[in-house]
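Thanks for making time this morning; I would like to walk you through one protein model, going from the whole chain down to a single side chain. Please have the sequence and the structure open as I talk.

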Amino acid sequence: MNLKIGIVGLPNVGKSTLFNALTNAGALAANYPFATIEPNVGIVPVPDERLDVLAKMYETDKIVPATVEFVDIAGLVAGASKGEGLGNKFLAHIRECQAICHVVRAFKNDDIVRADNKPEDDVIKQAKDDIDIINLELQLADEETRTKIEAKRKKDPNDEFIPYLTDKPVIYMFNVDENGLTDKGLQDDLRRIITSTDDRPEKGPQSVLQSKNFREGEGPARPVENKAIFVNAKLEEEMSGMSRAERKEFLKSYGVEHDALEELIKAAYETLGLQSFLTAGKKECRAWTIKKGSTAPEAAGTIHTDFERGFIAANICKYDDLARLGSEKAVKEAGLLRTEGKTYVMQDGDVVEFKFNV
């Protein structure tokens, strides 16, 4: 499955700078509103050190990681749902994404003007106000969508489902200054903002009971805990072009363990309930993204629909066992390679060879 994340935020919060750092795509980053007019798109590999280990073990140079697509969506302003700024051009792009990464300004810098032109004052209060602006615009846009859907369904009860923007999980990426990367007090204060935001009895025009799962008869969806990530966009941009080892060393000097890409993908996988299984051989070593709870035939179907249709069995071992013992042969001799059938539920890090007949 393809993971697609929309990056949103008010103008001048570091959104395009972050996009450049994540994708090395060279998107325009400028100190004025609406520098991003059409969405920039970048597809990047999901960091997975397990593939490097498997490639050496199976003596293959071809590594195919899972990928994530980032969409840098034009800056929003208050009134966007009614046509202010760039209007609601951004809405279609958000609907196509599985998750939203909301970049929030949490630093002071008088040289970078705020979208509302207000002077820098209280970082926490302004971050909350900025979050509320975009949340309100998404809610108002959903209210307009709901009205249109009701009108269409009077004519056609089977009208196609349109996803509500407020149904989409949100990962908050706070763009902090260098000190903020290790300031636990600041980070706790910012986390409380998104907790209080998510505790409202209703999220925009829909309550939990109006969510997609309930509308499809599957029962009300459980609220998803909002994830918070703390990054410094300029530091991330400085690391563009560095190797993975160099990035880790660079961040270590600032007291940080993981870069923005790793943090965001980890949060997205957790939020969306995703995991990876691996295939390995002389031809290639590859990571595949699936939903948690997927069965072996469903996982096989991500490789090719014929694999799912003609599924017979799956030979599976754990990556940790393979890495610890050093070879597939050693795993077999230790009795840790097993054959699973159609009801087997895949686990993260399963190394799989599918048997099928079509």
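Let me begin with the contacts: if we take those in the protein between residues at least 6 apart in sequence, 70% of them join residues that are at least 24 apart. I should say at once that this is a predicted model, and I will try to speak with that in mind. As for the overall make-up, the protein has 13 helices and twelve strands, and of its 358 residues, 46% are buried. The surface that the protein exposes comes to about 18,100 Å², and carbon and sulfur atoms supply 50% of that area.

Let me turn to the strands, beginning near the N terminus of the numbering. Strand S1, residues 3-8, is joined to strand S4, residues 67-72, by five bridges, and these two strands run parallel; if you want a pair to look at, leucine 3 has valine 68 in S4 as its bridge partner. S4 is also joined to strand S2, residues 40-45, this time by six bridges and with the strands antiparallel, and there proline 45 has threonine 67 of S4 as its bridge partner.

Between those strands in the sequence there is a helix that deserves a moment. How many of the nine residues of helix H1 are buried? The answer is nine of nine, so to speak, for H1, residues 15-23, is mostly covered, and the buried residues include Lys15, Ser16, Thr17 and Asn20 alongside Leu18, Phe19 and Leu22. H1 is followed by asparagine 24, which has a positive phi, near 55°.

Further along the chain we come to strand S10, residues 311-318, which is also mostly covered, with six of its eight residues buried. S10 is joined by seven bridges to strand S12, residues 350-356, and the two run antiparallel; within that pairing, cysteine 317 stands opposite valine 351 of S12. S10 is joined as well to strand S11, residues 338-340, by three bridges, again antiparallel, and here alanine 314 has glutamate 340 in S11 as its bridge partner.

Staying with S11, I would point you to arginine 338, which has its place in that strand. Is this arginine buried, exposed or partly exposed? Its relative accessible area is 26%, and therefore arginine 338 counts as partly exposed, since the buried class is kept for values under 20% and the exposed class for values over 50%. Leaving aside residues up to four places away in sequence, arginine 338 touches Ala314, Asn315, Ile316, Cys317 and Lys318, and also Tyr344 and Asp350. Of these I would single out isoleucine 316, which is 22 residues from arginine 338 in sequence, while the two C-alpha atoms are 5.5 Å apart in space.

Finally, a word on the cavities, where the count comes to three of 30 Å³ or more. The second largest cavity has a volume of about 70 Å³, and among the residues that line it are Leu181, Phe230, Asn232, Leu251, His258, Asp259 and Glu263. Strand S7 (227-231), helix H7 (233-238) and helix H9 (260-272) are the elements that each give two or more residues to this lining. By residue class, the lining of the second largest cavity divides into seven nonpolar, two polar and three charged residues.

Conventions. Residues numbered from 1 in each chain as written. Predicted model: local features only at pLDDT ≥ 70, side-chain atom pairs only at ≥ 80, totals over all residues. Heavy atoms only, no water. 1 Å grid on protein atoms, 1.4 Å probe; cavity = no way out; pocket = protein on both sides within 12 Å on 5 of 7 lines; lining within 4 Å. Points joined across faces, edges and corners; volume = space filled by probe spheres on them. Helix = DSSP H or I, 4+ residues; strand = E, 2+ residues; numbered from the N terminus. Nonpolar A, V, L, I, M, F, W, Y, C, P; charged D, E, K, R; others polar. Buried < 20%, exposed > 50% of the residue type's maximum accessible area, 1.4 Å probe, protein only. Contact = heavy atoms within 4.5 Å. Areas by Shrake-Rupley, 256 points an atom, 1.4 Å probe, with all protein chains shown as cover. Pairing = 2+ DSSP bridges.
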